[in-house]
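This report sets out how two kinds of feature, helix packing and charged side-chain pairs, appear in the model shown below.

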Amino acid sequence: MNSIGPECNDLKKEYDACFNVWYSESYLKGDHKSDPCSELLKSYRTCVLKAIKERNIDLSEIEANILGTEREKQPPPGR
């Protein structure tokens, strides 16, 4: 799967590859302390946030706190 912006695809592939190796070779074997992919994740996240901003994508709805409010009981818009 590609990233939100084509300019982020290479970073995503690098991070995914790093994560898959770390997860299978370290995490599943009990090493929960090491995180060799954190810098790649930071770079990828920065790229994604920039792509979202450049495309004027509004994230306010997904960041809204809805659980435990009356909005939680409402059907999604358009239904």
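## Charged pairs and helix packing

Both Glu39 and Lys42 are exposed. In this predicted model, the side chains of these two residues, Glu39 and Lys42, are joined by a salt bridge with an N to O distance of 3.3 Å. Glu39 and Lys42 both belong to helix H2, where three residues, about one turn of the helix, separate them.

Side chains of opposite charge can pair when their charged atoms come close. The structure holds five salt bridges, and the table lists some of them, including the pair just described.

| Salt bridge | N to O distance |
|---|---|
| Asp16 and Lys12 | 2.6 Å |
| Glu39 and Lys42 | 3.3 Å |
| Glu70 and Lys73 | 3.5 Å |

The pair formed by Asp16 and Lys12 lies within helix H1, its two members being four residues apart, about one turn of the helix. What is the relative accessibility of Asp16, and how is that residue classed? Asp16 has a relative accessibility of 28% and therefore counts as partly exposed, since values between 20% and 50% fall in that class. Lys12, with a relative accessible area of 14%, is buried, because this value is under 20%.

For the salt bridge between Glu70 and Lys73, the relative accessible area of Glu70 is 55%, so this residue is exposed, the cut-off being over 50%. Lys73 is likewise exposed, with a relative accessible area of 61%.

The two helices that carry the pairs Asp16 and Lys12 and Glu39 and Lys42 also pack against one another. Helix H1 spans residues 9-25 and helix H2 spans residues 38-54, and their axes come within 9 Å and cross at roughly 150°. H1 is therefore roughly antiparallel to H2, because angles over 145 degrees are classed in that way. The crossing of H1 and H2 is left-handed.

Which residues of H1 and H2 meet? On the H1 side the contact is made by Leu11, Lys12, Glu14, Tyr15 and Cys18, and on the H2 side by Leu40, Leu41, Ser43, Tyr44 and Cys47. By character, the residues of the contact of H1 with H2 divide into seven nonpolar, one polar and two charged. Lys12, one of the H1 residues in this contact, is also the partner of Asp16 in the salt bridge at 2.6 Å, and Lys12 is buried.

Terms used
Residues numbered from 1 in each chain as written. Predicted model: local features only at pLDDT ≥ 70, side-chain atom pairs only at ≥ 80, totals over all residues. Heavy atoms only, no water. Axes fitted to C-alpha atoms, helices over the stretch in contact; angles between N-to-C directions. Parallel < 35°, antiparallel > 145°, perpendicular 65-115°, else oblique. Left-handed = near helix turned anticlockwise from the far one by under 90°. Contact = heavy atoms within 4.5 Å. Nonpolar A, V, L, I, M, F, W, Y, C, P; charged D, E, K, R; others polar. Salt bridge = Lys/Arg side-chain N within 4 Å of Asp/Glu carboxyl O. Buried < 20%, exposed > 50% of the residue type's maximum accessible area, 1.4 Å probe, protein only.
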